[in-house]
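Dear colleague,

I am passing on the structure we spoke about, together with some notes on what turned up in it. Please read the notes with the model open beside you.

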Amino acid sequence: MNRAGTSQHVAAARTRAFGATATFAAVTILVVAAPAGANPNTVNPIPGLNGTSGLPQLPGPANAVAQATGMLSANRTQDQNVLGTDLGIMWDNGNGQILTAFGDSAGLGIPNLLAGSIWSWRSSTLFRSSDRDLYDGMTFDSTPRDFLGQSKELIPSPKIPFVEISRIPTAGVSVDGVQYLSLMSVKTWGDPGKWETNFSGLAVSGDNGENWIEAPETNRPNADGNRNFQMSAFMKDGGYVYQYGTPPGRGQLAYVARVPERDIRDLGKYEYWNGGEWKKGDVNAAAPIVFGGVGELSVQYNQYLGQYLMLTTDDANSVVMRRSPTPTGPWGPPEVLVDTRELPSAYGAYIHPWSSGPDLYFLTTVHSNYNVLLLHTSLAR
């Protein structure tokens, strides 16, 4: 460690190694003793990183702004019993807030299977933010809580290997004041970067993410063309919700569908891009729109560039950005924002919807401390 301190090992739902996932292993949470009189939120929370700010010193083009979650983040998510978590899928709730859904979240607690496991393992949690001044970090305002007072699991999961080990959020969108969250039912974690799902489907909230119910009519079984939409990214554009999909795991191809916003729960109304035109109701018609391997996806129209942007990871596990003049492509070559050699164990890249001008903000997970960073890059380059 680069500062005096101690480390504690906290059992957690799973670990996502360098492009990997594994079930119910140990997550190392670094607890650093702050110097006398120091602000504990400025002490380095990430093992093995350089610099005095406590954030990774990256050569560019992206730079770390702040740690969003974890014991030493300014958000103090440990107060909601979220010591470690990943992902960070963001969307505008249509009422002045950004909702952020996280994946498997680890906390401390007494044995309580009703709370998710003996270590308060929750497959998903959610935080709300109205912070528009992202240059110094992203402040969370509130979180849905369970009867224990901790950030609650959005959709329960039995956490049984080869049945359903977890129910992980992959995309979120707001339509007419109703919140929709796409989740994948993970059957089992496999080799690094590989996992299998039972199905994907939507959960719905009418109270700003406080409570969620499943919409089983939206379930896509992991078979045939529906396999290509087990993981998703949502984007609203021109009255449609675009759903960018991949099979489970990383290093996959990407596909795209769209549906009128009002019909988001009707799979029969979805249209699939076959490389030349939209085919309604035929999931098997979807053709790849991105080659070369992608991981978790985030897509958004960027007003500054007048282009659509896609953030993901490549086959080397670097965070990359692609550009396109249309929602279907052609998508340009990957531009490396975070080189895996500079920030090993990073994965996931989710665009902050309120990024504006040349400033692009996004969340990325660093597995080495199993928490999420807010990063920034300038598009004026």
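A salt bridge here is a side-chain nitrogen of Lys or Arg within 4 Å of a carboxyl oxygen of Asp or Glu. By that rule D263 and K269 form a salt bridge, since their closest N and O atoms are 3.9 Å apart. Please keep in mind throughout that this is a predicted model.

The two partners of that pair are not equally accessible: D263 is buried, because its relative accessible area of 14% is under the 20% cut-off, whereas K269, with a relative accessibility of 30%, counts as partly exposed. K269 also forms a salt bridge with D266, and there the closest N and O atoms are 3.7 Å apart. D266 is itself partly exposed, having a relative accessible area of 33%. Elsewhere, salt bridges with shared partners join E164, R167 and E214 into one network.

In the whole structure, the search finds 14 salt bridges. One pair that may repay a look in the viewer is R250 with E296, whose closest N and O atoms are 3.0 Å apart. R250 lies in the loop between β14 (240-246) and β15 (252-260), while E296 lies in the loop between β18 (290-294) and β19, so this salt bridge ties together parts that are 46 residues apart in sequence. Both ends of the pair are buried, R250 at 6% relative accessibility and E296 with a relative accessible area of 5%.

Turning to the pockets, the largest pocket holds about 410 Å³ of space. Its lining is made up of 22 residues, of which W91, F234, M235, Q300 and P353 are the closest to the centre of the pocket. The elements that give two or more residues to this lining are β6 (87-92), β9 (166-175), β13 (231-237), β19 (298-302) and β23 (346-351). Among these, β9 provides the largest share, with five residues.

What is the lining of the largest pocket like in its make-up of nonpolar, polar and charged residues? It divides into 14 nonpolar residues, six polar ones and two that are charged.

If you have time for two places only, I would suggest the buried pair R250 and E296 and the centre of the largest pocket, with W91 and F234 among the residues closest to it.

With best wishes

Terms used:
Residues numbered from 1 in each chain as written. Predicted model: local features only at pLDDT ≥ 70, side-chain atom pairs only at ≥ 80, totals over all residues. Heavy atoms only, no water. 1 Å grid on protein atoms, 1.4 Å probe; cavity = no way out; pocket = protein on both sides within 12 Å on 5 of 7 lines; lining within 4 Å. Points joined across faces, edges and corners; volume = space filled by probe spheres on them. Helix = DSSP H or I, 4+ residues; strand = E, 2+ residues; numbered from the N terminus. Nonpolar A, V, L, I, M, F, W, Y, C, P; charged D, E, K, R; others polar. Buried < 20%, exposed > 50% of the residue type's maximum accessible area, 1.4 Å probe, protein only.
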